[in-house]
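Student: I would like to practise reading a structure feature by feature. Could you take me through one, giving the general idea before each case?

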Amino acid sequence: MPQHYNDIFTANKQWVQSKLGEDEQYFEKLSKGQKPPFLWIGCSDSRVPANEITGTAPGEVFVHRNIANMVIHTDMSMLSVLDYAVNVLEVRHVIVCGHYGCGGVLAAMGQKQFGLIDNWLRHIKDVYRLHHEELDAIEDESKRADRLVELNVQEQVFDLTKTTIIQNAWAQGRFLQVHGLVYSIANGILKDLNVTVGDNSEIEGVYKLQIKNKILV
Ligand SMILES: [Zn+2]
């Protein structure tokens, strides 16, 4: 593990050399542009790096990370990433990836104050409230936390489908799937939660937005 700030530059030089050793035009090719098929919305946790755990290379995943992989409708950063990924890069898959043992989810399950972050974690508490009957019935606290991690991912998938960005892409007949995944830090396995949504048909009630023609032009 690097101990000093300067270690990252030493490692960087070695990495550049190894990439150039494999392909001397590696950086030249990457600098021409990106066309990643995936948008990844994951947790900021240092143990869940999008590229490494999916076997993808630079240029293959557009990434947004925040504490507990949240999709919050007033988060301009997330919305900008989503809009750019869907409408400019034209990604085909949006992935929300949570992970077991997520510190944000664990904190949201308790009642301790942590400061500013409590306002962010409040959104996870809302997920708990939506599913409190199922969660309260799980006696084992770590199993309950694992289930909340999964339900939180599922709700963030649904939150993505509530955005005009995703709904308008579907209205245009675009292929765009939104997936929910959970990663296990303990064994490295990625699990598909089977909550994939690929069109407007599953969007309920007030969340189903009218499509404005002028947006589609
Ligand atoms: Zn986390």
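Tutor: Gladly! Let's begin with a definition: helices here are DSSP runs of H or I with at least four residues, numbered from the N terminus. Keep in mind too that this is a predicted model.

Student: Thanks. In helix H8, how many residues apart are Glu150 and Arg147?

Tutor: First the general idea: an α-helix has 3.6 residues a turn, so residues three or four places apart point the same way. In this model, Glu150 and Arg147 are 3 residues apart within helix H8, about one turn of the helix. Their side chains form a salt bridge, with the closest N and O atoms 2.8 Å apart.

Student: Is Glu150 buried or exposed?

Tutor: Glu150 counts as buried because its relative accessibility is 12%, and the cut-off for buried is under 20%. Arg147, at 24% relative accessibility, counts as partly exposed. Salt bridges with shared partners join Glu134, Arg147, Glu150 and Lys191 into one network.

Student: Which residue forms a salt bridge with Arg122?

Tutor: The general idea is that side chains of opposite charge can pair when their charged atoms come close. Here Arg122 meets Asp126 in a salt bridge, at 3.1 Å from N to O. The two residues are separated by about one helical turn, because they are 4 residues apart in helix H6 (residues 117-130). Arg122 is partly exposed, with a relative accessible area of 44%, and Asp126 is partly exposed as well, with 23%.

Student: How many salt bridges does the structure hold?

Tutor: The structure holds 10 salt bridges. One of them joins the side chains of Lys35 and Glu90, at 3.6 Å from N to O. This pair links distant parts of the chain, 55 residues apart: Lys35 sits in the loop between helix H2 (26-30) and strand E1 (38-43), and Glu90 in the loop between helix H4 (76-88) and strand E3 (93-99). With 56% relative accessibility, Lys35 counts as exposed, whereas Glu90, at 42%, is partly exposed.

Student: What is the phi of Glu90?

Tutor: A backbone angle is worth reading together with the residue type and its place in the chain. Glu90 has a positive phi of about 55°, although it is not a glycine. Another such case is Ala68, a residue other than glycine with a positive phi near 70°. Ala68 is in the loop between strand E2 (61-66) and H4. At 0% relative accessibility, Ala68 counts as buried.

Student: Now a charged side chain: where does Arg144 lie, and what surrounds it?

Tutor: Arg144 lies in helix H8, which spans residues 141-161. For a buried charge, look for a partner of opposite charge, then for polar contacts. Arg144 is buried yet has no salt bridge, and the nearest side chain of opposite charge, Glu141, is 4.9 Å away. The cut-off to compare with that distance is 4 Å. A polar contact is present, though: the side chain of Arg144 makes one with the side chain of Tyr128, at 3.5 Å. Leaving out residues up to four places away in sequence, Arg144 touches Met109, Tyr128, Leu135, Asp136, Ile138 and Glu139.

Student: Which residues coordinate the zinc ion?

Tutor: For a metal site, read the donor atoms, their distances and their spacing in sequence. The zinc ion is coordinated by SG of Cys43, NE2 of His99 and SG of Cys102, at 2.1 to 2.3 Å. Water is not among the atoms, so sites may look incomplete. Along the sequence, the donor residues follow the spacing C-x55-H-x2-C.

Student: Are those donors buried or exposed?

Tutor: His99 counts as buried at 1% relative accessibility. Cys102 is buried at 2%, and Cys43 is buried with a relative accessible area of 6%.

Student: How many disulfides does the structure hold?

Tutor: The structure holds 0 disulfides.

Student: One last element: how many of the residues of helix H9 are buried?

Tutor: For a whole helix, count its buried residues. Helix H9 (residues 164-171) is mostly covered, with 6 of its 8 residues buried. The buried residues are Ile165, Ile166, Gln167, Asn168, Ala169 and Trp170. After H9 comes Gly173, which has a positive phi near 80°.

Note on methods. Residues numbered from 1 in each chain as written. Heavy atoms only, no water. Buried < 20%, exposed > 50% of the residue type's maximum accessible area, 1.4 Å probe, protein only. Lys, Arg positive; Asp, Glu negative; His and termini not counted. Polar contact = N/O pair within 3.5 Å; in protein donor to acceptor, adjacent residues only side chain to side chain. Contact = heavy atoms within 4.5 Å. Donors = N, O, S within 2.8 Å, 3.2 Å for Na, K, Ca; no water. Disulfide = S-S within 2.5 Å.
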